[in-house]
Amino acid sequence: MNKEHLYAWFKEGTITIPSFLLTNYKTMGLNEQEMVLLLQLQSFIDKGNHFPAPSQLSDRMTLQETECLFLIQRLVQRGFVEMVVEGSQEIGQEKYSLAPLYEKMMDCFLKTLKQSESAEVQKAGESLYTIFEQEFGRPLSPFECETLAMWMEDDHQPEIIKTALRESVISGKLNFRYIDRILFEWKKNGIKTLEQAREQGKKFRVHQKRDRKTETAQPLKDVPFYNWLEQ
């Protein structure tokens, strides 16, 4: 093979497609024949032929010309390919557009992403119930389960709820009312991340220790004990 042959090979070019399309075309409702035909259409379009004839597609595939025509018609009907006309109605030029294919691919990607996120949230929620039951040493009551679900529906991240649970354990006040008050205060103060919640917990404990020392030094004065429920 000489340099001219190599140059001719390079001139053939390459075709680039999103890997998501390659791995999810089945999910999008495409079969192998339709997928290969779409790739062939993309290849023709990339080389400047925006309206390849069924015979040209058939030359590259194992399908007959009529089968290629049927596949194109079906892809158009199902909204994967669009036929557009450039120019005026009289002398306009027909072209295939694969824009609908990529739009469907993006919709599929976003749907897959949403399903994945929902599955993670559900898994985190199930894990949360288990952690609460372990800390309480008993199964949660229906009311407690409903409260836990309400916290998650109220945009409290599972990690934040777990941190509030930890705060209640450290404070020796393991009950849902106390945890609910912690979450309420954190939300009111704009606490959204795990780091912010932990920092808020540290500040609270320092404040709590200071109040206890004050109570010990001045036992006769009436100093209210500071905690989440009384804040």
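1. In this note, a helix is a DSSP run of type H or I with at least four residues, and helices are numbered from the N terminus. The structure under review is a predicted model. Leu57 is located in helix 4, which spans residues 54-60.

2. Is Leu57 buried or exposed? Its relative accessibility is 0%. Because buried means under 20% relative accessible area, Leu57 counts as buried.

3. The surroundings of Leu57 deserve attention. Leaving out residues up to four places away in sequence, Leu57 touches Leu37, Gln40, Leu41, Phe44, Pro52, Cys68 and Ile72. One of these contacts, Phe44, stands 13 residues from Leu57 in sequence, and the C-alpha atoms of the two are 9.0 Å apart in space.

4. The largest nonpolar core of the model has 25 residues, and within this core Leu37 and Val81 touch the most other members. At least two residues of this core come from each of helix 2 (19-24), helix 3 (32-46), helix 5 (65-77) and helix 6 (99-136). Helix 3 contributes the most, namely 6 residues.

5. Val81 may be examined further. When neighbours within four places in sequence are set aside, Val81 is in contact with Leu38, Leu41, Leu75, Val76, Tyr96, Ser97, Leu98 and Pro100. Another core, of 19 residues, lies apart from the largest one; Leu165, Tyr178, Leu183 and Ile191 are among its members.

6. Which residues make the nonpolar surface patch of about 380 Å²? The patch is made by Leu6, Trp9 and Phe10. Leu6 belongs to helix 1, residues 3-11, and counts as partly exposed because its relative accessibility is 35%.

Note on methods. Residues are numbered from 1 along each chain as its sequence is written. This is a predicted model: local features need pLDDT of at least 70, side-chain atom pairs count only at pLDDT 80 or more; totals for chains, interfaces and linings use all residues. Side-chain values use heavy atoms; hydrogens and water are left out. A nonpolar core is a set of buried Ala, Val, Leu, Ile, Met, Phe, Trp, Tyr and Cys residues joined through side-chain atoms within 4.5 Å. Buried means under 20% relative accessible area, exposed over 50%, partly exposed in between (1.4 Å probe, protein chains only). Contact means heavy atoms within 4.5 Å. Patches are made of residues with over 30% relative accessible area and no salt bridge: like charges are joined within 9 Å, nonpolar side chains (Val, Leu, Ile, Met, Phe, Trp, Tyr) within 5 Å. Accessible areas come from the Shrake-Rupley method with a 1.4 Å probe; for residues, only the protein chains shown count as cover. A salt bridge is a side-chain nitrogen of Lys or Arg within 4 Å of a carboxyl oxygen of Asp or Glu.
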